[in-house]
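Open the model in a viewer with a cartoon representation and keep the selection tool at hand. The stops below go from element to element.

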Amino acid sequence: YPPEAPELQIRKMADLCFLVQHYELAYSCYHTAKKDFLNDQAMLYAAGALEMAAVSAFLQPGAPRPYPAHYMETAIQTYRDICKNMVLAERCVLLSAEILKSQSKYSEAAALLIRLTSEDSDLRSALLLEQAAHCFINMKSPMVRKFAFHMILAGHRFSKAGQKKHALRCYCQAMQVYKGKGWSLAEDHINFTIGRQSFTLRQLDNAVSAFRHILINDSKQPPAQQGAFLREYLYVYKNATQLSPDGPLPQLPLPYINSSATRVFFGHDRRPAEGEKQAATHVSLDQEYDSESSQQWKELEEQVVSVINKGTIPSNFQPTQFCLNRYSDNSKFPLAVIEEPITVEVSFRNPLKVPLLLTDLSLLWKFQPKDFSAKHDGETKEQGMCGEDMVGTEAIAEFLINSEETKVARLKLFPHQTGELHILGVVYNLGSVQGAVSLDGIDPSVGLQTGKFVSNGLSVRGRQDLEIQGPRLNNTKEEKTSIKYGPDRRLDPIITEEMPLLEVFFINFPTGLLCGEIRKAYVEFVNVSKCPLTALKVVSKHPEFFTFGGNTAVLTPLSPSASENCSAYKTVVTDPTSVRTALLSSASSADFGVGTGGSPEVIQVPLPDAVLLPGASVQLPMWLRGPDEEGVHEINFLFYYESIKKHSKMCHRVLRHTAVICTSRSLHIRATVCRSNALGDEEGRGDSMLLFVDVENINTSETGVKEFHIVQVSSNSKHWKLQKSVNISGDKGVYLYHQNYSKSSF
């Protein structure tokens, strides 16, 4: 157009009215100019007139007419499609969007912004998508998911445009919406992108945190994708740790640790059975916890302690607990003995579908040396400060956890000084396995042991703390009305002075007996410690089952394996001039828990000189009597012993053994006595008695003993002796079969 063209003159008039804020006259002029420009096919001028007409209509005071949004849409379309001027179109869109937002028309503004996005400019599209996202979140009913979705689209376009910081900002804002909503795949994608963008910007802490969330989330990704996530995490983590190699060990996210399932065992592993020797069952980590059985052992220990202390239990008495778990009483500090191992069983779970390889796995601890015999306390030492001179640590070189597997690791500590030990957690190198697939049905863990599986070279060192929450308190009114938890001190043992350590072996101990049958076995006591033990006692709730014999027992077997030594009787000749013999018992009825006075459940073990020296062993005979009721019987033995030197922390030690005896029915004997006037004794005094003995075989089991051979009947009286009067079977002996009876008189 020439400068004097009437259309341009009208346009200049409109611009002048707009500048002096005479918006109504400006609108009329723009509207008139728009028509002239359209008639002349001057589309660029026409689009500008439409744009300014819409703005003038919006700025008119009192709003005599509504905002002509269609003017703006026509102008945008003209700029974009006819004039091919995206800068003017973008300006028009932003201006129109602001006008619509001022009128709370966020939905129309968002649609307008989204329509201008295209593939030709990532930066422009990112800006428009971000503004559209803010329109969705500012609506009267906020459309949160649309906001997050368009923020992710904006972040993606920012990333393509090379604007990493803006991309990271958009993804972080979107993450606030998707986090914790159960959209695990979306969370994985966002966290992965945040991690990579943060790593590119050298924000390594944010990158590690993002990749950590991917791994600890219940991911639904396929194994290949999870393996890629794990490798990314290890790579980023390794770069982050190289920046501060002397810093504290950070927390690792994998594998999961079930802290409440942690078990602690105090003491050595028991020696296995050797030949005829059967070791005491005692306690091990392989045994399941039984609250009823634990209570029985506690009562037995209280019984023997009460007897030792003349009927009273000391106020500082603490029942011995060898294995601590979530069900045991962990309110008190457990006691451990110097130079004896402490085994901690930690439960690991791999949530991923790819195996994890832990190397150099060991416990992390803190130790404070203390001399309990003096008042001097030592300085607290961390693991890295004191080394092996205070507490030895056993490490597992390689520990493989297969995909979605729960596996326990048993780690040991060896305290070399007395004091207070605090087990803090575990420390290890986390890595992935290269080629972790099964070959011909072989488990990957077998392959690792044979060297088929190796680490892919990426491994990082870190730690995980064992944080155990104690039981909820529910005793007082305040505790019932609030949520309070008591202490759990299973990981805080006190290391005491050296104590004796007893091992017990049973030789020729039967697993089956007849009811009332008496059989001899042998017990071997071994002191495997470096200090002598004394006051060895055994307590049981079935004292009638066993005895070590009375003081008159002089039988000492030459060989425990000799068959004749399995009997509790000895055959002796009663009259040198005759061939009659009698059976004398080395164990009297009083020895089997009857009439011993005091507490029959606590029995003194007759050690030579009442002391068992370090490294010494002693073998004693034990007579067993089958219970009177048939069936399977569990009989608990608790061996109690002390050190010659008294200690302030640990006064005694105990050893447990559970014997399982299966008894079957045997003989039923009825004896009747009447005075005899016809028979006289050897001295002719005539005060003889007739003793009738009825013996019945009541064993009806087809698998049990079908036949009994009665060899001899003896008397255990100081005033009477037996003489055979009638034998119904002559000199052939007496044989009893199922439900048979035999009757003899004396």
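Start with residues 512–514, strand S16, and add residues 653–664, strand S26: the two run parallel and are joined by three bridges. To see one of these pairings, show Leu 514, whose bridge partner in S26 is Ser 664. The model is a predicted one.

Keep S26 selected and add residues 631–643, which form strand S25. S25 and S26 pair over eleven bridges, in the antiparallel sense. A residue to show here is Glu 634, which stands opposite Val 660 in S26. S26 thus appears in a parallel pairing with S16 and in an antiparallel pairing with S25. When side chains are switched on along strands, a general point applies: in a regular strand they alternate between the two faces of the sheet.

Next, zoom out to the whole chain. How many helices and strands does the chain have? The secondary structure comes to 16 helices and 31 strands. Of the 746 residues, 44% are buried. Among contacts with a separation of 6 or more, 72% are between residues 24 or more positions apart.

Now select the five strands of an open sheet, in the order S3-S15-S17-S24-S19; the pairing is antiparallel. Which strands stand at the edges? They are S3 (277–279) and S19 (546–547); each has a single partner strand, so one side of each is left without a neighbour in the sheet. At the S19 edge, select residues 617–625 as well: this is S24, which runs antiparallel to S19 and is joined to S19 by two bridges. Thr 547 stands opposite Trp 623 in S24.

Another strand to select is S11, residues 406–415, together with S6, residues 342–349. S6 and S11 pair over eight bridges in the antiparallel sense. Show Val 344 and its bridge partner in S11, Leu 411. Then add S9, residues 391–393, which runs antiparallel to S11 and is joined to S11 by three bridges. Here Thr 393 stands opposite Leu 413 of S11.

Leave the strands and turn to helices. Two packed helices are described by the angle between their axes and the distance between the axes.

Select H2 (residues 23–39) and H3 (residues 43–59). Their axes come within 8 Å and cross at roughly 160°. The angle is over 145 degrees, and H2 and H3 are therefore roughly antiparallel to each other. H2 passes H3 in a left-handed crossing. To view the contact, show side chains including Tyr 23, Tyr 27, Tyr 30 and Phe 37 in H2, and Met 43, Leu 50, Met 52 and Leu 59 in H3. By class, this contact has 15 nonpolar residues, one polar and one charged.

Keep H3 and replace H2 with H5, residues 86–102. How are H3 and H5 oriented, roughly parallel or roughly antiparallel? The axes come within 11 Å and cross at roughly 15°; H3 and H5 are therefore roughly parallel to each other. This crossing, too, is left-handed. H3 contributes Leu 44, Glu 51, Val 55 and Phe 58 to the contact, and H5 contributes Leu 88, Arg 91, Cys 92, Leu 95, Ile 99 and Ser 102. The contact of H3 with H5 has seven nonpolar, one polar and two charged residues.

Note on methods:
Residues are numbered from 1 along each chain as its sequence is written. This is a predicted model: local features need pLDDT of at least 70, side-chain atom pairs count only at pLDDT 80 or more; totals for chains, interfaces and linings use all residues. Side-chain values use heavy atoms; hydrogens and water are left out. Axes are lines fitted to C-alpha atoms, for helices over the stretch in contact, and angles run from 0 to 180 degrees between N-to-C directions. Helices (H or I, at least four residues) and strands (E, at least two) are DSSP runs, numbered from the N terminus. Angles under 35 degrees count as roughly parallel, over 145 as roughly antiparallel, 65 to 115 as roughly perpendicular and the rest as oblique. A crossing is left-handed if the near helix is turned anticlockwise from the far one by less than a right angle, and right-handed if clockwise. Contact means heavy atoms within 4.5 Å. Ala, Val, Leu, Ile, Met, Phe, Trp, Tyr, Cys and Pro count as nonpolar, Asp, Glu, Lys and Arg as charged, and the others, Gly among them, as polar. Two strands pair if DSSP finds at least two bridges between them. Buried means under 20% relative accessible area, exposed over 50%, partly exposed in between (1.4 Å probe, protein chains only).
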